[in-house]
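Here is a walk through one protein chain, from the whole fold down to a single strand. Keep the sequence and the 3D view open as you read.

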Amino acid sequence: MKRNQKFFPIFFVLICLFFITGCNESDPSDFELNKIIQFGMWPQTICDVSDIELSLTGRTYDGHREFSDKNGNRYVKVDSASVHGTGYTFSDGSSCEREKTYWFRVEPVSWRVFAIKGRSGKMILSEKILTAAVPYCKTRNVRSIDSETVWPNNYKYSNIRSYLNEDFYQNAFTEEEHVKINEALVKNGEDTTSSRINQFACDDTRDCVFLLSYQDLCNADFGFESDADRVKLPTDYALANNAYRSGKEGQGGWWWLRSPYGGVSYYARTVWSGGNLDYKDYIDNPSMGLVPAMVIGK
């Protein structure tokens, strides 16, 4: 009888700890801001496949074919590299030159948690520029869609939005990962841009993958307190796809925002290599990089 009396208090404490721990683990408020997580796969780092037996998988990234080895490791072949400038080098120190063939490992993508959306999940942003040569819009001409005037820098009808939610979404994530990605309401009004009045601002959209806005990058609550917080380096794969990279210490590449520039219909806002926001560029500039954002989890 004494043995049972001793056991009961211990058992009661264990039960309490179980429920307390369970509640904490399921609470989205426990997600850590600025934590780096890995989610999805994308070609990134240069590699040598000369001694590896490879077979085609049928998948492509930006038109480049994917191969796999007998262990299931995946690689992407860029047959004719499109390089922004001269003197570029990959992460292994080798030269990155135009029209040469290179191979890249398909690897887990690193993301930074930059905001918590209560019980709707966590907002994540790619740590690096993942690719380039994806135009914001393919034309500088004004279009008409469903009797609506569509400016070249209209994000709703942009080429870059289609790419993120179709090509990137389908190729970077598995079906199991798709379930974890939340469709987000993406605000595109004037108050998200750099201008108090912006005639090129468009309707809000609902997207699985999106670009950040100008005002997002001004938000200290998202971790963007200075230019340095906005600096992003391109991957090796992005360099072979025309991404720009500064040669100055502490700087990175150029990357797109979703916000239209308020002064000219064929300009969109960008982040410059040093993290400066006071830039915009032609909507068809092939050297601007992609830094996707998403909302994942519940």
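**From the whole chain to one strand**

Start with how the chain is held together. Among its contacts with a separation of 6 or more, 64% link residues 24 or more positions apart. The model is predicted. It contains four helices and 17 strands. Of its 298 residues, 47% count as buried. The accessible surface comes to about 15,400 Å². Carbon and sulfur atoms account for 48% of that surface.

How far does the predictor trust its own model? The average pLDDT of the chain is 90, and 89% of the residues score at least 70. One stretch needs caution. Over residues 5-30, pLDDT stays under 50. For that stretch the model has eight contacts beyond four places in sequence.

Now go inside. The largest nonpolar core has 72 residues. Six residues have the most contacts within this core: Trp 42, Trp 111, Phe 168, Phe 173, Phe 210 and Met 294. Strand E5, residues 102-116, gives the most to the core, with eight residues. There is also a second, separate core of five residues. Cys 47, Val 49, Phe 67 and Tyr 75 are among its members.

Take Phe 210 as a way into the larger core. Which residues does Phe 210 contact, leaving aside neighbours within four places in sequence? Met 123, Tyr 155, Leu 164, Ala 184 and Val 186 are among them. So are Arg 258 and the run Pro 292, Ala 293, Met 294 and Val 295. Met 294 was met above, as one of the residues with the most contacts inside the core.

Met 123 leads to strand E6, residues 122-126. Is this strand mostly covered or mostly open? Five of its five residues are buried. Look at its two faces. Lys 122, Ile 124 and Ser 126 lie on one side, and Met 123 and Leu 125 lie on the other. Both faces are covered. Note that the buried set includes Lys 122 and Ser 126.

What pairs with E6? Strand E5 does, running antiparallel to E6 and joined to it by five bridges. Here Trp 111 has Ser 126 of E6 as its bridge partner. Trp 111 is also one of the core residues with the most contacts. E6 pairs with strand E17, residues 293-296, as well. That pairing is antiparallel too, over four bridges. In it, Lys 122 stands opposite Ile 296 of E17.

Methods
Residues are numbered from 1 along each chain as its sequence is written. This is a predicted model: local features need pLDDT of at least 70, side-chain atom pairs count only at pLDDT 80 or more; totals for chains, interfaces and linings use all residues. Side-chain values use heavy atoms; hydrogens and water are left out. Helices (H or I, at least four residues) and strands (E, at least two) are DSSP runs, numbered from the N terminus. Buried means under 20% relative accessible area, exposed over 50%, partly exposed in between (1.4 Å probe, protein chains only). Contact means heavy atoms within 4.5 Å. Accessible areas come from the Shrake-Rupley method with a 1.4 Å probe; for residues, only the protein chains shown count as cover. pLDDT is the predictor's confidence in each residue, from 0 to 100. A nonpolar core is a set of buried Ala, Val, Leu, Ile, Met, Phe, Trp, Tyr and Cys residues joined through side-chain atoms within 4.5 Å. Two strands pair if DSSP finds at least two bridges between them.
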